[in-house]
Amino acid sequence: MLKTDVHDHTIYRIKLDELNSLVETLGIEVVGEIIQSRYKPFSKFLIGSGKVKELGRKVRRLGVDLVIFYNILKSSQKLNLIRALNCDVIDRYELTLEIFDLMASDRLSKLQIQAARLEKQAPFYKLQASINYRYDRPFFRAGGEYAFHGQMRELSRNQARVREEIDKLIEEKKQRIWNRRKLGYPVICIAGFYNAGKTSLFNAVTGDSKPVSDRPFTTLSSKYQRRFIDHETTVLFIDTIGFVIDVDPRLIQSFKLNLLDIRSSDIVILLLEITDPLLTLLMKLNEGIRLLKDIGVPHDRIVIVFNKLDKAPEIEENIAEELSLEQWGIPWVAVSALERWNLQGMLKMIADRLREFKDKTPETMDMSVFQRTETAINRLLEHYPVNYAPRGNDPFRGLVSTILSQNTNSENQRTAFNRLEESVGITPYSIDSATDEQIIDAIKPAGMYNQRTRTLKAVSRDVIEKYGGDLQLVFDMTYPEARDRLMEFQGVGEKTADVALMFVANHHVIPVDRHIERVSKRLGLVPPEASYEEIRRVLEDGSTPDRFREVHLSMIRFGRETCRARRPRCNECVLNDICPYPEKAGLDLSETENPDQ
């Protein structure tokens, strides 16, 4: 471990002990440890060159097969360490993935692990291959490219294939989650750190018998079960994946479905082990609340439950004072899932909390991003229905139609498209052979005709040269790969590629145009500086794949008619009770706006 806080004499030990317990889970014998205190990492090795030499001597003396770093290593650092130590080197991220892989039992979990592993390893493989083939240059009778390019394309194809499989499975799971939510039962999610007894508590309150183990991460796929609490409260309990101290955000994001379970819940139980040392417990409490906040769980939706009370019942009396629980303002209770102590007290606390939420009108800032997104989408689909007219299934015509729709209205786009078809023809060969003047004259109604002409000519030439004039080859690929190929064309960006793939190939994606971006930022669904991909992910999380196209079209209609760029009609808006924009902009909703303005 590299310890950058030289004044830390206790917390680093807790973290290193946790690393030891994770390593032993895989049956690996730990023969020693090395800790270096240094104000900042050394760019080449993470640790200093002298410490690398010391580590190398220890590796050779003890016959070490594997060196594991608590810190997350860059690809260059990992490669330099492997070469210097002459043995395999991994970091805590890769170690956790190995444990996940060992414990995974279903297809979705295994695919998510594989995707996370490929994302972590891709930069390392690219660096390693580029060094190995450094002197392998294109030349006479060579392949016409660097040798490692073929390897990287294969890796990219594997990533695309895995992502496509995951997306299909997640679509099915999302639909099931949506169907469960339509039943109207409040959802209670049991979250917390591994080995806190989440599955034991789940079994105790639901009467189920899911497998329980002392090994970490027994649960990688969420489990669901209904439970009757009292005459007016029936809830759906969820047992989901466990946390680990200092978890890498990329690892959390890899388990997208588990995140959806957590942030879509009405109440999240942060389960902690009451027998942990006080400092460890305090670290897990702070880390757990931070993680839930990062995931998107509002503060008032969290309850704290201390488990394993039967092992140390005397701790309950002082635990609140020792952990300063008052400062958090979060209700808490201590239970024993094994001995079934105080489970009724926990259930009563949950029922009371749900009644508070039911009686309370939610304030704008009390809602989680997920809840606000889900609420906004449902209302917009209801109040701004759209009649979708299929664009046909010819890929090239669909791409041309999308290019002509950029920064113009539907009527101008249709006029330009029809005129182009009549005067030039919409095939790669007809556009490529037409003069610029012919194309400009045809598409003038759409505006930006010089730029669009250059784009149409460049795309047509690329389609002919790369795909023999048949763009169907691209549209038949998986969504990630097809999107990457389309974005290689001049003038085709993320939105254009997504729109074409959604309308022509029926891929499940929500393209983000300027109206959708404006609405999402005003509603506070994303930060003001959010990227295209961040907006798309938030909207897709708040809906189900079968409704993505309708969400896209409804939000555009809403952005044009109500949430306009200038003089938005906030007083008429169906979302003004959950939207922070009027208050931020200093708008008076009591004033009636002139619809003609």
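Q: In this predicted model, does Thr-415 count as buried, partly exposed or exposed?
A: The relative accessibility of Thr-415 is 34%. Since buried means under 20% and exposed means over 50%, with partly exposed in between, and because the value for Thr-415 is 34%, this residue counts as partly exposed.

Q: What distance separates the C-alpha atoms of Thr-415 and Ala-446?
A: Thr-415 is placed in helix 15, which covers residues 410-423. Along the chain, Thr-415 and Ala-446 are 31 residues apart, and in space the separation of their C-alpha atoms is 7.7 Å.

Q: Is Asp-276 buried or exposed?
A: Asp-276 sits in the loop that runs between strand 8 (267-273) and helix 10 (278-295). Because buried means under 20% relative accessible area, and the relative accessible area of Asp-276 is 16%, this loop residue is classed as buried.

Q: Which residues does Asp-276 touch, when those up to four places away in sequence are not counted?
A: A contact here requires heavy atoms within 4.5 Å. With residues up to four places away in sequence set aside, the contacts of Asp-276 are with Leu-281 and Lys-284.

Q: How many residues apart are Arg-13 and Asp-17, which are separated by about one helical turn?
A: Arg-13 and Asp-17 form a salt bridge whose closest N and O atoms are 3.1 Å apart. Arg-13 is partly exposed at 26% relative accessibility, and Asp-17 is likewise partly exposed, at 42%. The two residues are separated by about one helical turn because, within helix 1 (residues 11-25), their spacing is 4 residues.

Q: Which parts does the salt bridge between Arg-117 and Asp-101 tie together?
A: Arg-117 pairs with Asp-101 in a salt bridge, the closest N and O atoms being 3.5 Å apart. Arg-117 lies in helix 5 (residues 107-132) and Asp-101 in helix 4 (residues 92-103), so the pair ties together parts that are 16 residues apart in sequence, namely helix 5 and helix 4.

Q: Are Arg-483 and Asp-498 buried or exposed?
A: Arg-483 forms a salt bridge with Asp-498, in which the closest N and O atoms are 2.8 Å apart. The pair links distant parts of the chain, with Arg-483 in helix 20 (residues 479-486) and Asp-498 in helix 21 (residues 494-505), 15 residues apart. As for accessibility, both Arg-483 and Asp-498 are buried.

Q: Which residues are linked in a network of salt bridges?
A: The count of salt bridges comes to 26. A network of salt bridges links Asp-230, Glu-232, Lys-348, Asp-352 and Arg-355.

Q: Which residues gather in a patch of positive charge on the surface?
A: Arg-57, a member of this patch, is found in helix 2 (residues 49-62). Because residues in such a patch have over 30% relative accessible area, the value of 48% for Arg-57, which counts as partly exposed, is relevant here. The residues that gather in the patch of positive charge on the surface are Lys-53, Arg-57, Arg-60 and Arg-61.

Q: What percentage of the accessible surface of the protein belongs to carbon and sulfur atoms?
A: The protein has 25 helices and 10 strands, and 51% of its 597 residues count as buried. Its accessible surface comes to about 28,900 Å², and the part belonging to carbon and sulfur atoms is 48%.

Terms used:
Residues are numbered from 1 along each chain as its sequence is written. This is a predicted model: local features need pLDDT of at least 70, side-chain atom pairs count only at pLDDT 80 or more; totals for chains, interfaces and linings use all residues. Side-chain values use heavy atoms; hydrogens and water are left out. Buried means under 20% relative accessible area, exposed over 50%, partly exposed in between (1.4 Å probe, protein chains only). Accessible areas come from the Shrake-Rupley method with a 1.4 Å probe; for residues, only the protein chains shown count as cover. Patches are made of residues with over 30% relative accessible area and no salt bridge: like charges are joined within 9 Å, nonpolar side chains (Val, Leu, Ile, Met, Phe, Trp, Tyr) within 5 Å. A salt bridge is a side-chain nitrogen of Lys or Arg within 4 Å of a carboxyl oxygen of Asp or Glu. Lys and Arg count as positive and Asp and Glu as negative; His and the chain ends are not counted. The place of a charge is taken as NZ of Lys, CZ of Arg, CG of Asp or CD of Glu.
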